[in-house]
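Here is a short note for a colleague who has not yet looked at this structure. Please read the points with the view open.

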Amino acid sequence: MTNAPFLQALSVTKTYPGERMAGVKGVSVDIKHQRVTAIIGESGSGKSTLLKMLYGLLSPEEGRVEFKGERVWGPEEKLIPGHDAMKMVTQDTDGLNLYAKVWDNVAVLMPNTDIKDKHDRTTQVLKQLNILHLADRQAFYLSGGEKQRVAIARALATRPEVLLLDEPFNQVDTSFREGLQQDIRQVVHDTGLTVIMVSHDPAEVLSMADELIVLKDGQIIESGSPKQLYQHPQNLYTAKLLTNCNVLSREDAAQFGLNAKADHVVIYPEWANPTGSWTRKDFTIKQLLFKGSYEDLLVQKGHITLRLLNDEPGKYQVGDKVHVKIHKFLEF
Ligand code: ADP
Ligand code: MG
């Protein structure tokens, strides 16, 4: 038992009737203990279905899920669906009692057998999620991001070993998301929690996850660390999920002196920079997107539009002519 893998899906299949045979097909995953694993993929690729099977909310038609070497039972086989050592948080915060205070929303989940422990644990999770100052506020008056923090605090209250997150940050303002992501990473670091998250925000998975699993049409097409998949994606699909990349045909790429053998040439924004010093200024700046320490430039030449990164904000204006220097590309 001690050497059993932490959490595994072994060739699990769950399909839904229909012409596309949507669902998850023969997927095996090995979830590492005390790590953050992110499942990414376009909408409908089977992310939620896989997550629900790992948790025991859905039974695989084929294959099995094992937690520490023991079968995870599906909803048909268990009175309260979902594995006892796991908790799941989704976008909807329906579980919250809007008429109760934040404190009570969390405390209610713990038994009254040890009042001191109940008090201490409630304080601890509210602190971990940085909402202790909201303890006396009625949940009704919280912002979307604060509600999401309470939902996660509730999930953590009973000390699950695994926290499953199904795109829980979608309702949270971008500016608050980062803080929430950091706080969850801190909980993982401090408590040894294992997190499995589904997300389609590249910035989020790249900064939060230790391991990425890429799903396409219900199957895993690759997996690895964020760095590995970002720098060396094996598929165009993965590059598009993780970056705001430019995709050119081989013919168009040839115009820039990029000689590719494959059909698609991928250029990340940071691999292409504007240069003003060149005599051949053949691109026109169509749009400037100010990002603080850098700018995203949309530049155009004929039918080709490229997104570039400019690390000297303010240097260019819309309408300026520039030359584009491409120093790296991938081909698929
Ligand atoms: P994702 O979370 O990646 O968007 P899902 O796992 O929710 O994808 O769904 C995968 C595919 O299965 C989708 O095409 C979806 O329409 C279909 N699907 C999911 N749940 C059901 C269901 N209960 N009945 C029929 N089709 C479903
Ligand atoms: Mg989903």
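1. The model is predicted. A starting point is the helix pair H4 and H5, where H4 passes H5 in a right-handed crossing.

2. On the H4 side, the residues that make this contact are Gln148, Arg149, Ile152 and Leu156. H5 contributes Phe176, Gly179, Leu180, Asp183, Ile184 and Val187. Sorted by class, the contact of H4 with H5 holds six nonpolar residues, along with two polar and two charged ones.

3. Two packed helices are described by the angle between their axes and the distance between the axes. Helix H4 covers residues 144-157 and helix H5 covers residues 174-191. Their axes come within 11 Å and cross at roughly 15 degrees. Angles under 35 degrees count as roughly parallel, and H4 and H5 are therefore roughly parallel to each other.

4. Next, the sheet. Five strands form an open sheet in the order S13-S17-S14-S15-S16, and their pairing is antiparallel. Which strands lie at the edges? The edge strands are S13 (272-275) and S16 (304-310), each of which pairs on one side only. From one strand to the next, the twist averages 40 degrees.

5. Within this sheet order, S14 is followed by S15. Strand S14 spans residues 283-290 and strand S15 spans residues 295-301. How many bridges join S14 and S15? The two strands pair over six bridges, in the antiparallel sense. As for a single residue, Leu289 has Asp296 in S15 as its bridge partner.

Definitions and conventions. Residues are numbered from 1 along each chain as its sequence is written. Chains are lettered from A and ligands numbered from 1 in the order in which they are written. This is a predicted model: local features need pLDDT of at least 70, side-chain atom pairs count only at pLDDT 80 or more; totals for chains, interfaces and linings use all residues. Side-chain values use heavy atoms; hydrogens and water are left out. Two strands pair if DSSP finds at least two bridges between them. Helices (H or I, at least four residues) and strands (E, at least two) are DSSP runs, numbered from the N terminus. Axes are lines fitted to C-alpha atoms, for helices over the stretch in contact, and angles run from 0 to 180 degrees between N-to-C directions. Angles under 35 degrees count as roughly parallel, over 145 as roughly antiparallel, 65 to 115 as roughly perpendicular and the rest as oblique. A crossing is left-handed if the near helix is turned anticlockwise from the far one by less than a right angle, and right-handed if clockwise. Contact means heavy atoms within 4.5 Å. Ala, Val, Leu, Ile, Met, Phe, Trp, Tyr, Cys and Pro count as nonpolar, Asp, Glu, Lys and Arg as charged, and the others, Gly among them, as polar.
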